[in-house]
Amino acid sequence: MREIEAQVRVCRLCKLSRTRTNAVPGEGDYRAEVMFIGEGPGYHEDRQGRPFVGNAGDFLNELLEIAGLSRPSVFITNVVKCRPPNNRDPEPDEIGACSGYLDRQIALINPRIIVTLGRFSMARFFPGERISQIHGMARVIDGRMCVAMYHPAAGLHQASLADIIRSDFRKLPLFIEQARKMLTQAVQADDGQPAADGGDVQALATDEPLKTSDTAETEEIVQAPEAAQTKRSKREKSDSDYKQLNFFDL
Ligand code: URA
Ligand code: SF4
């Protein structure tokens, strides 16, 4: 990890290197269970070389607290490690140039859960989806739980979104619990032992073919049965829309 960080700090693989003050490799626990992936550094991050230290960072800290997570216990990074000028959107060539660093960070940390913050991070794990449709929902990708969240900055610009984001983060402990159960079951399956509480995680029956994509392979559909029932009535439309896409919600 330190080697990746050192490479990022002097990286010249894309044009963002020409306008940055400091590259921002990311920070946190190298063995974190939960990894957060934002978009790219803003003004304060570029100044300090650390992720999420500005206003969006303050809100992220509040959200972590809501989710019962301490900041040092998670790992936080971004899709691009250098600030796009005037906080413009990162461009496809920049995201592409930077993706090797993120790939290596994910491989080394091997988190149980990846939480995407905003559209650009979401696009990597949930290609073709819309944040307004899948925020607060999860999918198992390559054996790992991936949860799509709005970017914290969206809550700063739109007060109505702030509460939605808070309630999405309130669900995170349940997703973490679910991800731990998946891990326990995978280990037990490896041992040839039956899962101790195998009834808790259920395959969700669907007639539809599983959706797969070039960049992400969906392996498994899981759902917390008791929570699924309460949700079904509330989100009838998105449930029927998304069930076949292997999303699950709590
Ligand atoms: N917004 C991001 O996406 N990342 C940061 O590090 C800070 C703000
Ligand atoms: Fe390198 Fe990524 Fe910075 Fe581009 S954004 S210069 S690829 S570290």
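Biologist: With 10 C-beta neighbours inside 10 Å, does P72 count as buried or exposed, and how should I read such a count?

Modeller: Keep in mind that this is a predicted model. The general idea is to count the other C-beta atoms within 10 Å of a residue's own, and a residue with 12 or fewer is called exposed. P72 has 10 such neighbours, and therefore it counts as exposed.

Biologist: Where in the chain is P72 placed, and which residues does P72 touch once those up to four places away in sequence are left out?

Modeller: P72 belongs to the loop that runs between α3 and β3 (75-78), and, with those sequence neighbours set aside, P72 touches G28 and D29. Although P72 and D29 are 43 residues apart in sequence, their C-alpha atoms are 6.1 Å apart in space.

Biologist: How would I check the length of helix α3?

Modeller: One multiplies a rise for each residue and compares the result with the distance between the two ends. Helix α3, residues 55-66, has 12 residues, which at 1.5 Å a residue should span 16 Å, and the end C-alpha atoms are 17 Å apart, so the two values agree.

Biologist: Which residues of α3 are buried, and what covers them?

Modeller: The buried residues of α3 are A56, G57, F59, L60, L63 and L64. These residues cover an arc of only 160° around the axis, and therefore they lie on the same side of α3. The general idea behind such a pattern is that an α-helix has 3.6 residues a turn, so residues three or four places apart point the same way. Among the elements that cover the buried residues of α3 are α7 (152-157) and α8 (159-170). Just after α3 comes G68, which takes a positive phi of about 75°.

Biologist: Which residues have a positive phi although they are not glycine, and where do they lie?

Modeller: Two cases can be shown here. N110 has a positive phi of about 50° without being a glycine, and N110 sits in the loop between α4 (92-109) and β4 (113-117). D142 also has a positive phi of about 50° and is not a glycine, and D142 sits in the loop between β5 (137-141) and β6 (144-149). N110 has 14 C-beta neighbours inside 10 Å and so counts as partly exposed, whereas D142 has 12 and so counts as exposed.

Biologist: Turning to the interior, which residues have the most contacts inside the largest nonpolar core?

Modeller: That core has 57 residues, and I113 and V147 are those with the most contacts inside it. The element that gives the most to this core is α4, with six residues. If neighbours within four places in sequence are left aside, I113 is in contact with E33, V34, M145, V147, F175, I176 and A179. For the chain as a whole, buried residues make up 39% of the 250 residues.

Biologist: What surrounds the two ligands?

Modeller: The shell of ligand 1 consists of G38, E39, G40, P41, G42, E45, P51, F52, A56, N78 and A153, and by class it has five nonpolar, four polar and two charged residues. A56, one of the buried residues of α3, is thus also one of the residues around ligand 1. Ligand 2 has 14 residues around it, of which C11, C14, S17, C82 and C98 come nearest, and its shell has 10 nonpolar, one polar and three charged residues. The largest share of that shell, three residues, comes from α4.

Notes:
Residues are numbered from 1 along each chain as its sequence is written. Chains are lettered from A and ligands numbered from 1 in the order in which they are written. This is a predicted model: local features need pLDDT of at least 70, side-chain atom pairs count only at pLDDT 80 or more; totals for chains, interfaces and linings use all residues. A residue is near a molecule or strand if its C-beta atom, placed from the backbone, lies within 6 Å of it. Ala, Val, Leu, Ile, Met, Phe, Trp, Tyr, Cys and Pro count as nonpolar, Asp, Glu, Lys and Arg as charged, and the others, Gly among them, as polar. Helices (H or I, at least four residues) and strands (E, at least two) are DSSP runs, numbered from the N terminus. A residue is buried if 20 or more other C-beta atoms lie within 10 Å of its own, exposed if 12 or fewer, and partly exposed in between; C-beta atoms are placed from the backbone. The expected span of a helix is 1.5 Å times one less than its number of residues. The arc is that of the directions from the helix axis to the C-beta atoms. Two residues are in contact if their C-beta atoms, placed from the backbone, lie within 7 Å. A nonpolar core is a set of buried Ala, Val, Leu, Ile, Met, Phe, Trp, Tyr and Cys residues joined through C-beta atoms within 7 Å.
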